[in-house]
Amino acid sequence: MLTKRIIACLDVDGERTVKGVQFADLRHAGDPAELALRHAASGADEIVLLDISATHEQRATLLHTVRRTACELFIPFCVGGGIRTLEDAARVMDAGADKVSINSAAVSHPELIGQIAARFGSQAVVVAIDARRTADNVTGCSGEVMLRGGRQSTGLDVLAWAQKAAQLGAGEILLTCMSQDGTRAGFDCAVTALVARAVPIPVIASGGAGSPQHFVDVFQHGHADAALAASIFHFGEHAIASVKQTLATAGIPVRWPC
Amino acid sequence: MMAIVDYGAGNIASVERALRACGAECRVTSLPDEVRGAAKIVLPGVGNFAATQELARSGLRQTILERVAVGVPFLGICVGMQWMLEGSHEAPGVAGAGWLAGHCERFPHNAKCPHVGWNQLAKVRESRLLAGVEDNAFVYFTHSYFVAAGAGDVARTDYSVVLSSAVERENIFGVQFHPEKSGDVGLKILRNFLAI
C-alpha cells in the first residue's frame, strides 16, 4: 500500500539551517547535510531543502550545500527557494536534487512549470503554494495565493491555481498555510482538504505541525498525501519515529521500520 | 566497468552516486563504444518515455540489444524498465527493447498520478535481484505509467492496479521504483545487481 510520507524540511541560509516562527525570528539548527542524513536515518521519507538566502553570495554557497547534502543521501531530495528560471532549476538538479520546488516564479511565469517538466519530467516539479485562508462558509473555505513569505497578495484563488499548476505539468503541490506556519497549532486541514481532494496530483501539507496528532489530523481530515515539518524534527522534539508510530496506531499507512 | 547509459533523460547523477556507494566501478556514458565494452549495463530514466527515442537515434539501442543478447547483465530503472517492453502509451510509435510483451499504461483516473512515494514490494518468487530483501519492503516510486503484472515479475505493487515493480529473466533485470532513492533496501538491491 502507498504510504503517507513524512517530509523533513531544512530552511537554509547559505550553509546554515534555520527555522522561523511565521518566517521571522530565526534560530540556528545546524549543518544541513548533517541534519538531512540524521533525518533520513531516523525515518524521514524525504528531505526538502528550502533556500531562504537573501543574497547572491549565499545562493552560490547553497549549490555547494546541495551537493554536500546529496552526496550520501539515498532518499528523495527536493530543493526550493529562489528558483526563477529553467537554468536555476538545472543548476540545482545538477548539484544533486531529485526535484525542485518553485513558488513565486511559477505565479509570474506559469510556463516555467512546463519547461522544467519537459526537461526533467513532471515528477521533478513541485509547485509550492503559500495560502492564506480567506473565507469560511457552509460550502467550505477558500484561500488566496500569497507571495514573499505572506507579505504580498496575488488575488489568485488557491484551488484554481493548484489545478492550473497540475494541468501545466506539476508533479506535486506543496501547500503551506500561512496562518499556521510556525505556530505549531496544527495543519490547516480545511484548506488542505480543499486542494487535496480536487487536484489529480499528490499534495504535501505544510505549516503548523506541532504534535504527532496533527499529522493524524492532516491525513484523516486534510486528505493530504504527505506532510512536511521543520522545527519539531530538528530540535529532537517529536522524533519522526513517534510521529510514525502515532500514525500507524491510527491506522494510517506509513513506512516503518525504515 | 559498468556503463550507466546517459540518453539525456533527466537526472542520473543519483544513480551513479548510489552505485559508487555500493562499490561499483561505473561510468556515465552516451557512447555506444563505451557501452559495448561494459561488463554490465544500467539504463536509468525519469520523465517521459519519448526520451528513449534518443537511444535509437544514437545507436545505443542496437548496442544494448546486441550486448544483452550475448548475456551482459542489464538493469533498467523506472523508464529504463519500461523500455524493456515493446513500447508505452506515453509515446506511441517509440519502440522499446521488446524483451517483455506489451505496452506501459497510464494509471486509471481514480488514482492520483504520478504514483509518488514509498510503496511495498510483494515478492512473487525468489530472485537474485531481491535476494535478502524482505517481503513487503518499502521502496520509492515516482511514475505515471506502469508495467502491468506479467510472467517475468519477481515483485508486484498495489496502487489502484497491481503493477510489476521488479522483473528478472536470465540476464535482464528491471525495477519500476528508484533503488538509488530507496534507502538501505534500494542499496541492497543495487549490491545484488553488482554481485550478479
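Here are four short exercises, each with a worked solution, on a predicted model.

**Exercise 1. Find out how chain B is built and whether its overall size agrees with that of a compact globule.**

Start with the inventory: chain B holds six helices and twelve strands. Next, take the dimensions, where the C-alpha trace of chain B spans about 45 × 40 × 30 Å along its principal axes. Now compare with the rule for a compact globule: 196 residues would give a radius of gyration near 16 Å, and chain B has 15 Å, so the two agree. Finally, look inside: 58% of the 196 residues of chain B count as buried. Among contacts in chain B between residues at least 6 apart in sequence, 66% join residues at least 24 apart.

**Exercise 2. Trace the open sheet of chain B and explain why one side of S2 and of S8 has no neighbour there.**

First, write down the strand order, which is S2-S1-S3-S4-S12-S11-S10-S7-S8 in chain B. These nine strands form an open sheet with mixed pairing. Then go to the edges: S2 (26–29) and S8 of chain B each have a single partner strand, so one side of each is left without a neighbour in the sheet. From one strand to the next, the twist averages 25°.

For a closer look at one pair, pick S11 (residues 161–169) and S12 (residues 172–175) of chain B, which run antiparallel and are joined by four bridges. Within this pairing, Glu168(B) has Phe173(B) in S12(B) as its bridge partner.

Helices can now be added to the picture. H1(B) lies across S1, S2, S3 and S4 of chain B, at about 165° to S2(B). H6(B) also packs on the sheet, where it touches S4, S8 and S12 of chain B, and its direction makes about 90° with that of S8(B).

**Exercise 3. Work out which elements chain B brings to its contact with chain A.**

Begin with the count: 28 residues come from chain B and 26 residues from chain A. On the chain B side, the elements giving two or more residues are H1, S7, S8, S10 and H6. The largest share, six residues, comes from S7(B). Sorted by class, the side of chain B that touches chain A has eleven nonpolar, twelve polar and five charged residues.

**Exercise 4. Decide where the buried residues of H10(A) sit around the helix.**

List them first: Ile240(A), Val243(A), Lys244(A) and Leu247(A) are the buried residues of H10 (residues 240–249) of chain A. Then look down the axis of H10(A): these buried residues fall within an arc of 95°, so they line one face of the helix. A general rule helps here: an α-helix has 3.6 residues a turn, so residues three or four places apart point the same way. Last, step past the helix end, where Gly251(A), just after H10(A), takes a positive phi of about 85°.

Definitions and conventions: Residues are numbered from 1 along each chain as its sequence is written. Chains are lettered from A and ligands numbered from 1 in the order in which they are written. This is a predicted model: local features need pLDDT of at least 70, side-chain atom pairs count only at pLDDT 80 or more; totals for chains, interfaces and linings use all residues. A residue is buried if 20 or more other C-beta atoms lie within 10 Å of its own, exposed if 12 or fewer, and partly exposed in between; C-beta atoms are placed from the backbone. The arc is that of the directions from the helix axis to the C-beta atoms. Two residues are in contact if their C-beta atoms, placed from the backbone, lie within 7 Å. Ala, Val, Leu, Ile, Met, Phe, Trp, Tyr, Cys and Pro count as nonpolar, Asp, Glu, Lys and Arg as charged, and the others, Gly among them, as polar. The radius of gyration is taken over C-alpha atoms; the globule rule is 2.2 Å times the number of residues to the power 0.38. Two strands pair if DSSP finds at least two bridges between them. Axes are lines fitted to C-alpha atoms, for helices over the stretch in contact, and angles run from 0 to 180 degrees between N-to-C directions.
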